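Welcome! Here is a short guided walk through one protein model and the molecules it holds. Have a look at the picture first, and then read on.

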Amino acid sequence: MKKKALIFGITGQDGSYLAEFLLKKKYIVHGVKRRSSSINTGRIDHIYQEPYTKKRTFILHYGDITDSLLVTRLVNEIKPDEIYNLAAQSHVQVSFESPEYTANADALGALRILEAIRFTKLENKTKYYQAGTSELFGRNEKTPQNEKANFYPASPYGVAKLYAHWITINYKEAYNIFACNGVLFNHESPRRGETFVTQKIVQGLCKIKKRKQNTLYLGNLYAKRDWGHARDYVEAMWLMLQQKKPIDLVISTGKQITVKNFVNKVARKLNIKIFWRGKGLNEKAIDKKGKVIIACDKTYYRPLEVNNLLGDSRKAKKILNWKPKVNLDDLISEMVNLEMNR
Ligand code: NAP
Ligand code: F7E
């Protein structure tokens with residue numbers, strides 16, 4: 001019998017890679033997509049083609065994580081072996097502007113799925129994966145951060161994910177559900193949303209290279225992130241659900257660089273020579289003719305910043321035998337090459 005997986009957040013970056021991964025492993029993949037006024041399935045359209053759809057191994061359902069009835073009905077109808085909760089308002093800066101919705105989707109969304117597992121009496125069948133985040137560490141700047149590091153979320157997004165983290169543990173302990181949290185550090189890919197900083201830098205500098213844009217405006221250049229490739233990270237999600245016991249794990253590369261150095265790497269890859277001048281909001285990168293390539297704009301600064309994220313995923317390496325395969329330079333090459341040919 002084929003295993004059935006249900007993915008909330010199938011249209012997102014991770015949802016699309018996870019669907020590909022599980023289909024290769026011969027799962028029947030059910031995905032939940034939101035109704036939108038224009039088509040939002042760009043990341044999974046290639047999967048939606050034959051043969052998967054014809055064989056009924058890739059099935060999409062309309063739905064929203066804020067809709068308890070729908071979540072419960074889908075869990076009851078599908079009776080999945082594994083549920084991956086990747087659905088979230090995932091943008092940290094947006095969460096400051098939309099805190100209540102972020103809490104509803106990102107915190108209560110997890111509760112709705114866990115409660116559906118319990119309500120439909122699937123506690124002994126259905127395994128649950130919660131998309132946790134390094135944003136849980138937030139203002140705890142003591143690095144590297146591992147499973148023992150203290151949480152100190154610094155945004156409505158981080159706080160909502162903290163609820164999701166603990167409710168996942170609570171349902172595991174109270175109802176014996178196989179439920180686990182992956183505490184994943186930033187992971188990127190050519191499918192990354194355009195408003196996250198890596199993709200914004202890649203797309204902006206590629207447009208500048210093609211003379212379709214003059215200047216790219218950014219926020220805090222000095223935040224440090226531990227960036228990996230999404231394809232590697234979805235494998236870790238799946239591995240977590242294949243263990244004998246549910247366990248929460250940090251997933252990261254163990255290397256960090258600043259946003260500014262990410263810009264430098266992309267510029268170098270594109271053969272754009274830049275020179276940094278000025279400080280704070282006046283900091284700029286200019287080319288040899290003095291044209292401003294990068295400038296800062298306070299619109300992109302957050303009310304509170306997470307300055308220093310660097311993960312220690314030695315435990316995952318030991319338990320899952322997992323380690324990232326793609327390094328940052330290869331990730332950047334993949335993103336830039338795709339963008340230049342888009
Ligand atoms: P993403 O590209 O923003 O995808 C989020 C997905 O959630 C999309 O499919 C989105 O649908 C869906 N969604 C949002 N609100 C929803 C709602 N109310 N009901 C149903 N679906 C909803 O995010 P990602 O990078 O793939 O990340 C996947 C998960 O991992 C998220 O939970 C994120 O918070 C978490 N995470 C991400 C990272 C990272 O670096 N990427 C790191 C740690 C944790 P639409 O396409 O319709 O918007
Ligand atoms: O910002 C700085 C910004 O929005 C990274 C999500 O997937 O990873 C992601 O959250 C850094 C921040 O990602 C701009 O201030 C500067 O310090 O790409 P980001 P994030 O906030 O780290 C975590 C692990 C998640 O869980 C989230 O879902 O870059 N930055 N200038 C900028 N950021 C953006 N977006 N835009 C700028 O112009």
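In this predicted model, an N or O atom in the side chain of R302 sits 2.6 Å from an oxygen atom of ligand 2. The side chain of T133 also takes part, with an N or O atom 2.7 Å from an oxygen atom of ligand 2. T195 uses its backbone instead: a backbone N or O atom there lies 2.9 Å from a nitrogen atom of the ligand. How much of ligand 2 does the protein bury? Taken alone, ligand 2 exposes 700 Å², and the protein buries 96% of that.

Stepping back, you will find 22 residues surrounding ligand 2, and the closest are S90, T133, Y157, R302 and E305. By character, this shell divides into eight nonpolar, eight polar and six charged residues.

Now turn to ligand 1. Around this ligand there are 24 residues, of which T11, R34, S90, Y101 and Y157 come nearest. S90 and Y157 are therefore worth finding in your viewer, because they are named among the nearest residues for ligand 1 and among the closest for ligand 2.Three contacts of ligand 1 are gathered here, each with its own distance.

| Residue | Part of the residue | Atom of ligand 1 | Distance |
|---|---|---|---|
| I65 | polar backbone atom | nitrogen | 2.8 Å |
| K161 | polar side-chain atom | oxygen | 2.8 Å |
| R192 | polar side-chain atom | nitrogen | 3.2 Å |

On its own, ligand 1 has 900 Å² of accessible area, and the protein covers 90% of it. Which elements supply at least two residues each to the shell around ligand 1? They are α1 (13–24), β5 (127–133) and α6 (156–175). The largest share, three residues, comes from β5. Sorted by character, the shell around ligand 1 holds nine nonpolar, 10 polar and five charged residues.

Next, a look at R43. You can find R43 in the loop between β2 (28–33) and α2 (45–48). Is R43 buried, exposed or partly exposed? R43 counts as partly exposed, because its relative accessibility is 25%. Leaving aside residues up to four places away in sequence, R43 touches T11, G12, Q13, S16, R191, R192 and G193. Two of these contacts involve backbone oxygens. The side chain of R43 reaches the backbone oxygen of R191 at 2.7 Å, and a polar atom of that side chain lies 3.0 Å from the backbone oxygen of T11. T11 is also one of the residues that come nearest to ligand 1, and R192 has a polar side-chain atom 3.2 Å from a nitrogen atom of that ligand. For a sense of scale, the C-alpha atoms of R43 and K200 are separated by 17 Å, and these residues are 157 apart along the chain.

Finally, the aromatic rings. How many aromatic pairs does a search of the whole structure find? The search finds eight. One pair is formed by W227 and F262, with 5.0 Å from centre to centre and 55 degrees between the planes, a tilted arrangement. This pair links distant parts of the chain, 35 residues apart: W227 is in the loop between β9 (224–225) and β10 (228–229), while F262 belongs to helix α9 (residues 259–269). W227 counts as buried because its relative accessibility is 4%, and F262 counts as buried because its value is 0%. Elsewhere, F137, F151 and F185 form one aromatic cluster.

Definitions and conventions. Residues numbered from 1 in each chain as written. Chains lettered and ligands numbered in written order. Predicted model: local features only at pLDDT ≥ 70, side-chain atom pairs only at ≥ 80, totals over all residues. Heavy atoms only, no water. Helix = DSSP H or I, 4+ residues; strand = E, 2+ residues; numbered from the N terminus. Buried < 20%, exposed > 50% of the residue type's maximum accessible area, 1.4 Å probe, protein only. Contact = heavy atoms within 4.5 Å. Polar contact = N/O pair within 3.5 Å; in protein donor to acceptor, adjacent residues only side chain to side chain. Near = heavy atom within 4 Å. Areas by Shrake-Rupley, 256 points an atom, 1.4 Å probe, with all protein chains shown as cover. Nonpolar A, V, L, I, M, F, W, Y, C, P; charged D, E, K, R; others polar. Phe/Tyr/Trp six-rings, centres within 6.5 Å; stacked < 30°, edge-to-face > 60°.
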